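Subject: Structure handover and notes

Hi,

Here is the structure I promised to pass on to you. My notes on it follow below.

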Amino acid sequence: MENKNPPLTEALFYILLAVRKPVHGYGIIQEVEEMTGGRVRLGPGTLYGAISSLLEKGWIVLYSADLGSRKKKEYVITNQGREVFSAELRRLRELVENGEKMEDGV
(Lines give C-alpha, C1' and ligand atoms only; values in the text may rest on other atoms or scores of the structure.)
Protein backbone atom coordinates (compact mmCIF):
# COMPACT_ATOMS: atom_id res chain seq x y z
CA MET A 1 0.00 0.00 0.00
CA GLU A 2 1.54 3.27 -1.14
CA ASN A 3 1.16 6.40 0.97
CA LYS A 4 1.61 9.49 -1.20
CA ASN A 5 2.23 11.66 1.86
CA PRO A 6 5.03 10.70 4.23
CA PRO A 7 4.39 11.01 7.97
CA LEU A 8 4.18 14.61 9.15
CA THR A 9 6.84 16.02 11.38
CA GLU A 10 5.60 17.09 14.78
CA ALA A 11 6.02 20.75 13.77
CA LEU A 12 3.90 20.33 10.62
CA PHE A 13 1.25 18.41 12.54
CA TYR A 14 0.89 21.20 15.09
CA ILE A 15 1.01 23.97 12.49
CA LEU A 16 -1.85 22.32 10.58
CA LEU A 17 -3.75 21.97 13.84
CA ALA A 18 -3.16 25.64 14.68
CA VAL A 19 -4.42 26.93 11.31
CA ARG A 20 -7.85 25.33 11.59
CA LYS A 21 -8.93 28.97 11.94
CA PRO A 22 -7.16 31.99 10.40
CA VAL A 23 -4.05 32.88 12.39
CA HIS A 24 -0.83 34.80 11.84
CA GLY A 25 2.66 33.37 12.28
CA TYR A 26 3.24 34.56 15.81
CA GLY A 27 -0.20 33.26 16.76
CA ILE A 28 0.80 29.82 15.42
CA ILE A 29 3.95 29.88 17.57
CA GLN A 30 1.91 30.81 20.65
CA GLU A 31 -0.84 28.27 20.02
CA VAL A 32 1.58 25.37 19.44
CA GLU A 33 3.48 26.25 22.59
CA GLU A 34 0.22 26.42 24.56
CA MET A 35 -1.15 23.13 23.11
CA THR A 36 2.04 21.29 24.05
CA GLY A 37 2.56 22.88 27.44
CA GLY A 38 5.74 24.50 26.15
CA ARG A 39 7.28 21.23 24.97
CA VAL A 40 7.21 22.27 21.29
CA ARG A 41 8.58 25.73 20.59
CA LEU A 42 8.71 26.78 16.96
CA GLY A 43 11.40 29.25 16.03
CA PRO A 44 10.65 31.79 13.31
CA GLY A 45 12.97 30.05 10.83
CA THR A 46 11.30 26.69 11.35
CA LEU A 47 7.83 28.21 11.21
CA TYR A 48 8.28 30.27 8.06
CA GLY A 49 10.13 27.43 6.30
CA ALA A 50 7.22 25.13 7.15
CA ILE A 51 4.66 27.73 6.06
CA SER A 52 6.42 28.03 2.67
CA SER A 53 6.32 24.27 2.26
CA LEU A 54 2.67 24.02 3.31
CA LEU A 55 1.70 26.83 0.91
CA GLU A 56 3.55 25.09 -1.96
CA LYS A 57 1.77 21.81 -1.24
CA GLY A 58 -1.61 23.55 -1.11
CA TRP A 59 -2.26 22.41 2.46
CA ILE A 60 -2.69 25.98 3.70
CA VAL A 61 -3.51 29.28 1.99
CA LEU A 62 -2.93 32.91 2.75
CA TYR A 63 -6.19 34.04 4.33
CA SER A 64 -5.44 37.75 4.57
CA ALA A 65 -2.46 40.05 4.57
CA ASP A 66 -1.61 43.59 5.58
CA LEU A 67 0.61 44.54 2.66
CA GLY A 68 2.59 46.92 4.87
CA SER A 69 3.64 44.27 7.37
CA ARG A 70 5.04 40.74 7.08
CA LYS A 71 3.63 39.94 10.50
CA LYS A 72 0.03 40.55 9.48
CA LYS A 73 -0.31 37.54 7.17
CA GLU A 74 -2.92 35.06 8.32
CA TYR A 75 -3.02 31.47 7.15
CA VAL A 76 -5.76 28.86 7.16
CA ILE A 77 -5.89 25.13 6.35
CA THR A 78 -7.34 23.97 3.01
CA ASN A 79 -9.54 20.94 2.36
CA GLN A 80 -6.46 19.12 1.08
CA GLY A 81 -4.61 20.05 4.27
CA ARG A 82 -7.52 18.69 6.34
CA GLU A 83 -7.36 15.40 4.42
CA VAL A 84 -3.60 15.11 5.03
CA PHE A 85 -4.10 15.96 8.71
CA SER A 86 -6.89 13.37 9.06
CA ALA A 87 -4.75 10.70 7.38
CA GLU A 88 -1.91 11.48 9.78
CA LEU A 89 -4.26 11.33 12.76
CA ARG A 90 -5.43 7.86 11.62
CA ARG A 91 -1.79 6.77 11.26
CA LEU A 92 -0.94 8.02 14.75
CA ARG A 93 -3.99 6.31 16.26
CA GLU A 94 -2.88 3.03 14.67
CA LEU A 95 0.59 3.48 16.17
CA VAL A 96 -0.86 4.08 19.62
CA GLU A 97 -3.29 1.14 19.36
CA ASN A 98 -0.51 -1.22 18.29
CA GLY A 99 1.81 0.12 20.96
CA GLU A 100 -0.84 -0.46 23.61
CA LYS A 101 -1.23 -4.06 22.45
CA MET A 102 2.48 -4.56 23.03
CA GLU A 103 2.23 -2.94 26.46
CA ASP A 104 -0.72 -5.17 27.35
CA GLY A 105 1.20 -8.25 26.23
CA VAL A 106 -1.24 -9.08 23.44
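Let me start with a small puzzle: which residue just after α2 takes a positive phi? The residue is G37, and its phi is about 60 degrees.

Before the rest, a word on the ground rules. This is a predicted model, in which local features need pLDDT of at least 70 and side-chain atom pairs count only at pLDDT 80 or more, while totals for chains, interfaces and linings use all residues. Residues are numbered from 1 along each chain as its sequence is written, and side-chain values use heavy atoms, with hydrogens and water left out.

Overall picture

The protein chain has four helices and three strands; here helices (H or I, at least four residues) and strands (E, at least two) are DSSP runs, numbered from the N terminus. Read from the N terminus, the elements follow the order α-β-α-α-β-β-α. The C-alpha trace spans about 60 × 30 × 20 Å along its principal axes. Of the 106 residues in the chain, 32% are buried, where buried means under 20% relative accessible area, exposed over 50% and partly exposed in between (1.4 Å probe, protein chains only). Among contacts (heavy atoms within 4.5 Å) with a separation of 6 or more, 46% come from residues 24 or more positions apart.

The sheet

The three strands form an open sheet in the order β1-β3-β2, with antiparallel pairing; two strands pair if DSSP finds at least two bridges between them. The edge strands are β1 (23-24) and β2 (60-64), each of which pairs on one side only. As a general reminder, strands of a sheet pair through backbone hydrogen bonds, either parallel or antiparallel.

β1 pairs with β3 (residues 74-77) over two bridges. In these, V23 is partnered by Y75 and H24 by E74. β2 and β3 are joined by four bridges, again in the antiparallel sense. One bridge links S64 to E74 in β3. E74 is thus a bridge partner of H24 and of S64.

Helix α2 and its neighbours

You may like to look at α2 (residues 25-35) with both of its helix partners in view. Its buried residues are G25, G27, I28, I29, E31 and V32, and they pack against α1 (10-18), β1, α3 and β3.

On one contact, α1 and α2 pack at an angle of about 110 degrees, with their axes 9 Å apart. Axes are lines fitted to C-alpha atoms, for helices over the stretch in contact, and angles run from 0 to 180 degrees between N-to-C directions. The two helices are therefore roughly perpendicular to each other, given that angles under 35 degrees count as roughly parallel, over 145 as roughly antiparallel, 65 to 115 as roughly perpendicular and the rest as oblique. Y14, I15, L17 and A18 of α1 meet I28, E31, V32 and M35 of α2. By class, this contact has seven nonpolar, no polar and one charged residues. For the classes, Ala, Val, Leu, Ile, Met, Phe, Trp, Tyr, Cys and Pro count as nonpolar, Asp, Glu, Lys and Arg as charged, and the others, Gly among them, as polar.

On the other contact, the axes of α2 and α3 (residues 44-57) come within 10 Å and cross at roughly 110 degrees. That makes α2 roughly perpendicular to α3. The crossing is right-handed: the near helix is turned clockwise from the far one by less than a right angle, whereas anticlockwise would be left-handed. G25, Y26, I28 and I29 in α2 meet L47, Y48 and I51 in α3. By class, six of these residues are nonpolar, one is polar and none is charged.

α3 also lies across β2 and β3, running at about 105 degrees to β2.

Two glutamates in α4

Where do E88 and E103 sit? E88 is found in helix α4, and E103 belongs to α4 (residues 79-103) too. E88 counts as buried, at 5% relative accessibility. Leaving aside residues up to four places away in sequence, E88 touches P7, L8 and F13. E103, by contrast, is exposed, with a relative accessible area of 70%. The C-alpha atoms of E103 and S86 are separated by 26 Å, with their positions 17 residues apart along the chain.

Happy browsing, and thanks for taking this over!
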